[in-house]
Amino acid sequence: MTHWYEHAIIYQIYPKSFQDSNDDGIGDLNGIRQRLPYLQQLGINTIWLNPIFVSPQVDNGYDVADYFKIDPRMGTMKDMKALISACHQVGIHVLLDFVLNHTSDQNEWFKKAKSDPHSQYRDYYIFAGANNQRPNNWGSFFGGSVWEPDPAGTGQFYFHLFDKHMPDLNWRNPKVRQEMLKIAEFWLAQGIDGLRLDAFIHIAKADLRQSFPVKEIANENDQTIVAEPFFANLPQVQKWLRPFCEEIKKDYPEALLLGEAASANVNLAADYTAKDHHLLDSVVTFRYFKDDQRHIDPNLPAAVQPKGLDWDAFKKTQVIWQQTLGQVSQPTLYWSNHDMPRLASRIAKTETQARSLAMLMYLQRGIPIIYYGEELGLKNLLFTAKEEFNDQEAERFITKAADWGLTKAEALKMVSQAHKMPARGPMPWTAKKPNYGFSKVSPWLEGQSQNNANVQAELDDPDSMFNFYRQLLSLKKTALFQSGSFYLLATANDSYVYQRDLANDSAIVAVSLSSQKLRIKLPSEYRKVMLTAGQHYLNKDELILMPYSGVVLSK
Ligand code: NOJ
């Protein structure tokens with residue numbers, strides 16, 4: 001049986017930054033609804049919204065205070081229903097981000113848990129330790145310890161893998177598991193088509209009495225270490241998630257369950273998505289992208305420096321994922337998201353390369369996830385104030401730019417290119433400064449545009465990146481690229497060439513990763529050009545690709 005989501009083409013919308021409809025500088029649900037014709041024109045068939053629930057926005061919505069209500073800055077329940085129905089009318093599916101590993105500390109459960117140690121909600125969270133002694137040396141992903149003193153002063157601590165305002169839920173507690181299922185089903189009952197399960201791989205933790213055994217502690221300031229093996233992909237994740245997923249599939253068999261599995265390797269991804277395991281349909285891994293360490297300046301902190309991609313590792317990883325998941329599930333295919341710099345700032349050296357990399361990625365077997373603005377070739381913003389990064393390390397670095405031998409402007413430029421926050425800027429709908437058609441007032445996140453990409457200009461230009469993406473997605477929707485087999489052709493490391501076959505239909509996707517002109521031997525029957533990025537020439541048994549170019553050829 002084929003499910004709709006096997007052929008999903010997902011467009012990721014950061015709701016705060018897509019379209020402001022009520023002039024408060026924050027994007028909202030009605031804004032998204034207004035822009036559906038644009039998304040139809042692009043050719044996507046699914047949208048995924050980053051979190052839209054009531055939240056103090058410590059982590060831009062990943063800190064949920066009320067799972068049953070829309071954050072008023074983004075709209076109302078009525079707006080949400082109108083959006084779902086408008087999407088469905090034009091054949092677009094809707095996915096919501098579902099944060100199930102933690103809540104906000106402003107969530108009623110946590111408020112009750114901390115004010116009353118005897119409340120049933122105490123065990124909704126992870127409280128441990130005594131006499132003001134932390135239970136272990138584990139470090140949080142956002143810096144510092146995972147343990148924060150109980151605000152009620154009991155001498156205990158509560159556990160948070162992310163910000164200290166985002167306490168982790170205790171999935172060991174069956175009541176928590178029931179509550180989370182109830183919330184998921186509440187939203188599915190409103191008509192949404194699936195959920196992205198945020199950070200689900202972290203719901204199980206090892207024995208909390210166990211410190212991570214290390215000779216030298218990584219973070220000298222607070223004596224902590226990010227002890228991932230103790231809180232990522234533990235077997236109980238699958239045990240607790242299975243009934244959750246089974247219930248959902250029983251009630252909503254067509255719901256797409258897409259898991260964010262940042263550190264999952266390919267075998268775990270197969271475990272999480274094998275049909276007879278009754279867990280997820282697909283996962284997003286962060287393992288696709290290994291940084292190229294060669295150009296990192298050892299005298300500066302690595303986190304604030306732009307890093308290219310290790311292409312050898314990338315090629316290997318892609319092929320392994322394509323092969324391993326070939327008979328199991330649809331891999332996700334993506335270049336960027338809200339947690340990393342944009343493709344055009346991070347990896348693509350030229351506009352041609354941004355196109356050929358999109359071709360390379362999305363014509364493979366799997367589900368494309370396009371990050372809003374990527375289809376315009378949008379770059380990271382340039383921030384002019386260090387506070388915009390909302391990141392202590394970045395702020396420290398910029399404040400002390402001179403100590404690193406840089407001017408403040410140089411430091412801002414460097415971090416703007418390397419950081420995730422400047423990738424979350426407002427969508428530029430027009431060329432009109434200062435707010436580019438996003439809002440009538442200053443947007444919630446401001447920076448300088450780095451390449452003047454905008455929707456209005458690109459819609460009108462047949463050679464624009466937008467129109468390239470349209471062609472690419474219409475090709476992606478053909479049976480060959482949806483269902484054909486995939487295999488990599490043996491070429492040198494400076495190109496990525498693969499074949500897709502379906503019955504008598506066959507195509508080769510050939511992409512140069514090189515700044516030099518490339519010659520690639522190809523079977524002579526593949527001479528019909530289906531899509532181009534940059535320039536190429538075809539001889540009898542040879543394809544010549546100009547720097548960073550790509551082409552799709554069929555028989
Ligand atoms: C993963 C999300 O993508 C990221 O933006 C967020 O900070 C963490 N999960 C915590 O929810």
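Helices (H or I, at least four residues) and strands (E, at least two) are DSSP runs, numbered from the N terminus. Contact means heavy atoms within 4.5 Å. Axes are lines fitted to C-alpha atoms, for helices over the stretch in contact, and angles run from 0 to 180 degrees between N-to-C directions.

This is a predicted model: local features need pLDDT of at least 70, side-chain atom pairs count only at pLDDT 80 or more, and totals for chains, interfaces and linings use all residues. Residues are numbered from 1 along each chain as its sequence is written, and side-chain values use heavy atoms, with hydrogens and water left out.

**Stop 1: the two domains**

Colour 4–101, 174–206 and 229–472 as domain 1. Give 486–554 a second colour for domain 2. These bounds come from an automatic or database domain assignment. The C-alpha centres of domain 1 and domain 2 lie 30 Å apart.

**Stop 2: the eight-stranded sheet**

Select the strands β11-β10-β9-β5-β2-β1-β13-β12, in that order across an open sheet. The pairing is parallel; two strands pair if DSSP finds at least two bridges between them. At the edges are β11 (282–284) and β12 (332–333), each paired on one side only.

Zoom in on β12. Two bridges join β12 to β13 (residues 367–371), and the two strands run parallel. Show Thr-332: opposite stands Ile-367 in β13.

Now add helix α3, residues 77–89. Helix α3 lies across β2 (46–49) and β5 (93–99). The angle between α3 and β5 is about 140°.

**Stop 3: the five-stranded sheet**

Move to β14-β15-β16-β21-β18, an open sheet with antiparallel pairing. The edge strands here are β14 (485–488) and β18 (528–533), each pairing on one side only. Neighbouring strands are turned by 15° against each other on average, direction ignored.

Pick out β15 (residues 495–502) and β16 (residues 505–512). Eight bridges pair β15 with β16 in the antiparallel sense. Label Val-497 and look across to Ala-510 in β16, which stands opposite.

What packs on this sheet? Helix α10 does, touching β15, β16, β18 and β21 (550–554). The direction of α10 makes about 130° with that of β18.

**Stop 4: where the domains meet**

The size of an interface is often given as the accessible area lost when the parts come together. Domain 1 and domain 2 bury about 1,900 Å² between them, 67% of it on carbon and sulfur atoms. Buried area is the accessible area (1.4 Å probe) that two parts lose on being put together, summed over both.

Show Lys-315, Met-359 and Leu-360 as sticks. They supply 31% of the area that domain 1 buries against domain 2, more than any other three residues.

How many salt bridges cross the interface of domain 1 and domain 2? The rule finds zero; a salt bridge needs a side-chain nitrogen of Lys or Arg within 4 Å of a carboxyl oxygen of Asp or Glu.

Next, select α8 (311–325), α10 (351–362) and α14 (465–476). Each supplies at least two residues of the side of domain 1 that touches domain 2. Helix α8 gives the most, with eight residues.

**Stop 5: two backbone details**

Select Lys-433 and Pro-434. The peptide bond between them is cis, with omega near 0°. Pro-434 is in the loop between α12 (408–418) and α13 (455–459).

Last, go to Asn-132, in the loop between β6 (127–128) and β7 (147–149). Phi of Asn-132 is near 60°, a positive value in a residue other than glycine.
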